[in-house]
Amino acid sequence: MGDLVAIFHASFHPTRGNVIDWSVTASGDFNLDNLEFSALPSGLHLVEQDIVYFSKDGHQGVCAFRRVKSTEDGHRGFRLSSLGVLLAKSTRPKPWRHVAALKDLMVMLYARMELTETLQPSETDWQPSRMYFESHESKSVDLGGAGDWSGWSHELDGENRDRSNMNPTLHLPHLLRILGPSTLTLYKHVIGRKRTLIYTLPPVEAACILCHVAADFCYEQQVDTTSNRLPGKSKEGIQVLGMITLSDIDRLQAESKSGRGWIACTTDALFLERPSYYDLLIDLTTSTPNKATRPTFYSSESILPTSRGPTHRLSTVRFAWSDVKLWNELDRILQLDSSNSHSSNFSCCTPGFSDVSDQKLGLITAWTDVWRVYEDVCLVCASLWIGSWRGNSIQSYSTSNGAENWGSIRLEGDDDLTLSTIAGNSERAQIRSLGAGIEGRPLVSSPTNKPMRKTSGMFLGSGQNNRARTSGTATRNSNIASSSSTDAEVDQADAELLSSMGSEREEMQLRTTLALLQTFHAHTSFQLSILESLLPPPSERSNNTINLVPKDILAFELGPFSSVDERYLEWLVTEYGGGTTLLIKRSWKDLLGVVFGYGC
């Protein structure tokens, strides 16, 4: 069944900027305004090719970008263009199914232009794209319940699964390795239906994939209405906006009022100065092979406004100590994936503890922020309990920019993302550039690397020795001819072996992804079941208030004095409380009870 409602081509014009110069839609009044900016975000001219996911008025879309050399006046040597499609609205749109076709259509388009030696595509050049759209055209712009979701096993491993392995969900294991424990900060914002913005530099495909993967953390809980689970206010999954630009500011404000929450990515640095538009910012630009660091997470916090001053500011946010248990379970699943095994043999080279303690204590006052002091202590204790207060390599992500950045916490699993470590062991997972894929599989060295054979017996000589050597040469040539067929058989066997190894890696990646998704779902269901037990009956929830003490918060496996976990509980009650409001009561007695283990 077709699912496309529009296909279009966007390009950069020397005088008019980004324009849509060709399009075909299912209906004549279909609006494509501003899609040229989503398909050609700022900075994309720096890369040869890329894939961009976006959305328009509830329709999911994807486009293939290419930078092609051109002699056309005003283009400065390159022509920038994207060929994209928009999908009909449905329960689970799958734009990634069209990625391979869009790439082929772009290659075909510019190959025809090169053969005809034309600078602008003609109507004939658009014919393959037009035929593709007609063969996949949807009969309606809104398919309603068509494509109903039947679970992760059905989507990823069912009969109708996408066999091209382009589904972003399959990248979940690798993205967990990149984000580390801070993944759980993103998870909390997704289940709480908050606004998340991902800032990146080109290429943007990885950031777009992260948007879709993050939305899958709680997708099963958010869309499943068949069970007796605690229902939320929204009956759909969190909105995936994909790539946004400065032209989407009004759209962001409208989406924020819906309460559904959204996840988007951008290349416009101006959004960094507008924290009022989002709740969580993930800066992927701080995660580079040269710096060997993880992405940085920022929380948008409201401040007392001044005349014409900002109303929000960004503050660095990290995972809470209560996330350690869940992360260890996720990391255990990642370790079971033998194709992406991580070595945990690190040398003990951390800086002295006293230096780090002095730096931290200099930033903390005695009584003004007691809850934050408690959280820091618990982070240290949690790391000691799991046996992870250990040294990292000299150039690991926690000490790459000096001893002052030594980590505050080291969890189980490999956090060493240095180039030397990656290059030193081919068995370790590698963070590749976009052109090499982002699935995080290890590069497999070909077993066909054989020493070069000496294929010539010719050399200078004279007399009988020369004749003898000539006959020897003929004999060796016959041996070479026979060995060539043997080499062909060996190469064929090697190809079959590599194909088998690739299938095994794909199968392992699939099983790992399903296990991770099940872990997220089980944890979400557990916390919502605890919340349901604390809520009043459904008929009494509207305009009611529940009072929670540290003992109740511990039942959620959260930190009773963590400000991060407190906000997370408020989000849960707002979404799943049915109109109930939350009030958390703390006292010094509660603090002493939690620290010394009595009264709870």
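This text walks through one sheet and one helix of a predicted model.

The sheet is open and has six strands, in the order β7-β8-β6-β9-β10-β11, and its pairing is mixed. At its edges lie β7, residues 239–243, and β11, residues 312–316, each of which pairs on one side only. On average, neighbouring strands of this sheet are turned by 20° against each other, direction ignored.

Within this sheet, strand β6 (residues 195–199) and strand β9 (residues 280–283) run parallel and are joined by four bridges. One residue pair can be named here: T196 has L280 in β9 as its bridge partner. A helix also packs on the sheet: α7, residues 205–215, touches β6, β7 and β8 (262–266). The direction of α7 makes about 170° with that of β8.

The other element to follow is helix α2, which covers residues 99–116 and has 18 residues. From its first C-alpha to its last, α2 reaches 26 Å, close to the 26 Å expected at 1.5 Å a residue.

Which residues of α2 are buried? They are V99, A101, L102, L105, M106, L109, Y110 and M113. These residues lie on the same side of α2 because they cover an arc of only 160° around the axis. The spacing follows a general rule: an α-helix has 3.6 residues a turn, so residues three or four places apart point the same way.

The two faces of α2 can now be told apart. Its buried residues pack against the strands β1 (4–13), β3 (49–56), β4 (59–69) and β5 (78–87), and against helix α3 (127–135). The face turned away from the buried side carries the exposed residues E114 and L115.

Key. Residues numbered from 1 in each chain as written. Predicted model: local features only at pLDDT ≥ 70, side-chain atom pairs only at ≥ 80, totals over all residues. Heavy atoms only, no water. Pairing = 2+ DSSP bridges. Axes fitted to C-alpha atoms, helices over the stretch in contact; angles between N-to-C directions. Contact = heavy atoms within 4.5 Å. Expected span 1.5 Å × (residues − 1). Buried < 20%, exposed > 50% of the residue type's maximum accessible area, 1.4 Å probe, protein only. Arc of directions from axis to C-beta.
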